[in-house]
Amino acid sequence: MFLSPGVAGNLMNPDFIELLIDNPNSVLIIEDAENIIMDRKYSSSSSVSNLLNISDGLLADFLNVQLICTFNSALTMIDNALLRKGRLIAQYEFSKLGINKAQALSKHLGFDTLINEPMTIAEIANQHIVTEPVEEKRSLGLE
């Protein structure tokens, strides 16, 4: 099940728990989960506690739910309780592809560009888009 971060903040809602009971062994995918997995010393949200309860608490044994969270912040911003041994099964960082892999993906996507440096998947997929330099904007009345 794909969940927005807004919905994921309500994991302990009885209606949502009922949905999980009706769909045992579910995998919940939460994209852009920065706000719900952020270290509790930076956020007063109960989202981390909800994630822990549903994935590693009493409900976890009954529901058997797996969680996949994607985020774009440093691991140091993630609550330590989520990173403890036995809770975090896998971690994958999507960094730049090496030159050979970047070249192969570029070719697979139909580009005939010669790749000569490591690139992100976004850079490879959007290499046809020309970005214009950003002009400095002037405030009104200050000319």
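**Exercise 1. Topology and overall dimensions**

In what order do the elements of the protein chain run from the N terminus on? Establish the order, and then decide whether the chain is a compact globule or more spread out.

*Solution.* The model is a predicted one.

Step 1. Reading from the N terminus, the order is β-α-α-β-α-α-α-β-α-α-α. The secondary structure thus consists of eight helices and three strands.

Step 2. For 143 residues the globule rule gives 15 Å, whereas the radius of gyration of the protein chain is 21 Å, well over that value, so the chain is more spread out than a compact globule.

Step 3. The C-alpha trace spans about 55 × 50 × 30 Å along its principal axes.

**Exercise 2. Burial, surface and charge**

Determine what share of the residues counts as buried, what share of the accessible surface belongs to carbon and sulfur atoms, and how far apart the mean positions of the positive and negative charges are.

*Solution.* Step 1. Buried residues make up 24% of the 143 residues of the protein chain.

Step 2. The accessible surface amounts to about 10,600 Å², and 54% of this area belongs to carbon and sulfur atoms.

Step 3. There are 10 positive and 18 negative charges, and their mean positions lie 9 Å apart.

Step 4. Turning to contacts between residues at least 6 apart in sequence, 55% join residues at least 24 apart.

**Exercise 3. Helix α4 and its cover**

Identify the buried residues of helix α4 and name elements that cover them.

*Solution.* Step 1. Helix α4 comprises residues 47-56, and within this helix S47, V48, N50, L51, L52 and I54 are buried.

Step 2. The cover over these buried residues includes the helices α2 (14-22), α3 (34-37), α5 (58-63) and α6 (80-83), together with the strands β2 (27-30) and β3 (66-69).

Step 3. Two of the buried residues, S47 and N50, are also touched by G9, which in addition touches I36 when residues up to four places away in sequence are not counted. G9 itself belongs to the loop between α1 (5-8) and α2. The C-alpha atoms of G9 and T131 are separated by 36 Å, with their positions 122 residues apart along the chain.

**Exercise 4. The loop between α2 and β2**

Classify N25 and S26 as buried, partly exposed or exposed, and describe their surroundings.

*Solution.* Step 1. N25 lies in the loop between α2 and β2, and S26 is found in that loop between α2 and β2 as well.

Step 2. The relevant cut-offs are under 20% relative accessible area for buried and over 50% for exposed. N25 has 53% relative accessibility and therefore counts as exposed. S26, with a relative accessible area of 9%, is therefore buried.

Step 3. Beyond its neighbours within four places in sequence, S26 is in contact with M1, L20, N64, V65 and Q66.

Step 4. N25 is not a glycine, yet its phi is positive at about 60 degrees. N64, one of the contacts of S26, likewise is no glycine and has a positive phi of about 55 degrees. N64 is located in the loop between α5 and β3 and is partly exposed, at a relative accessible area of 40%.

**Exercise 5. L3 and I99**

Compare the environments of L3 in strand β1 and I99 in helix α7.

*Solution.* Step 1. L3 is in strand β1, residues 2-3, and counts as buried at 11% relative accessibility. I99 belongs to helix α7, residues 99-108, and counts as partly exposed at 37%.

Step 2. Setting aside neighbours within four places in sequence, L3 is in contact with L11, F16, L28, I29, I30 and E31. On the corresponding basis, I99 touches I115, N116, E117 and P118.

Step 3. From C-alpha to C-alpha, L3 and M77 are 21 Å apart, at a sequence separation of 74 residues. For I99 and T131, 32 residues apart along the chain, the C-alpha separation is 22 Å.

**Exercise 6. The aromatic pair**

Which geometry does the pair formed by Y92 and F94 adopt, stacked, tilted or edge-to-face?

*Solution.* Step 1. A pair of aromatic rings is described by the distance of the centres and the angle of the planes.

Step 2. The count comes to one aromatic pair. This pair is formed by Y92 and F94, with 4.7 Å centre to centre and 65 degrees between the planes.

Step 3. An angle over 60 degrees counts as edge-to-face, and the pair of Y92 and F94 is therefore edge-to-face.

Step 4. Y92 and F94 are both exposed.

Definitions and conventions:
Residues are numbered from 1 along each chain as its sequence is written. This is a predicted model: local features need pLDDT of at least 70, side-chain atom pairs count only at pLDDT 80 or more; totals for chains, interfaces and linings use all residues. Side-chain values use heavy atoms; hydrogens and water are left out. Helices (H or I, at least four residues) and strands (E, at least two) are DSSP runs, numbered from the N terminus. The radius of gyration is taken over C-alpha atoms; the globule rule is 2.2 Å times the number of residues to the power 0.38. Buried means under 20% relative accessible area, exposed over 50%, partly exposed in between (1.4 Å probe, protein chains only). Contact means heavy atoms within 4.5 Å. Accessible areas come from the Shrake-Rupley method with a 1.4 Å probe; for residues, only the protein chains shown count as cover. Lys and Arg count as positive and Asp and Glu as negative; His and the chain ends are not counted. The place of a charge is taken as NZ of Lys, CZ of Arg, CG of Asp or CD of Glu. Rings of Phe, Tyr and Trp (its six-membered ring) pair if their centres lie within 6.5 Å; planes under 30 degrees apart count as stacked, over 60 as edge-to-face and the rest as tilted.
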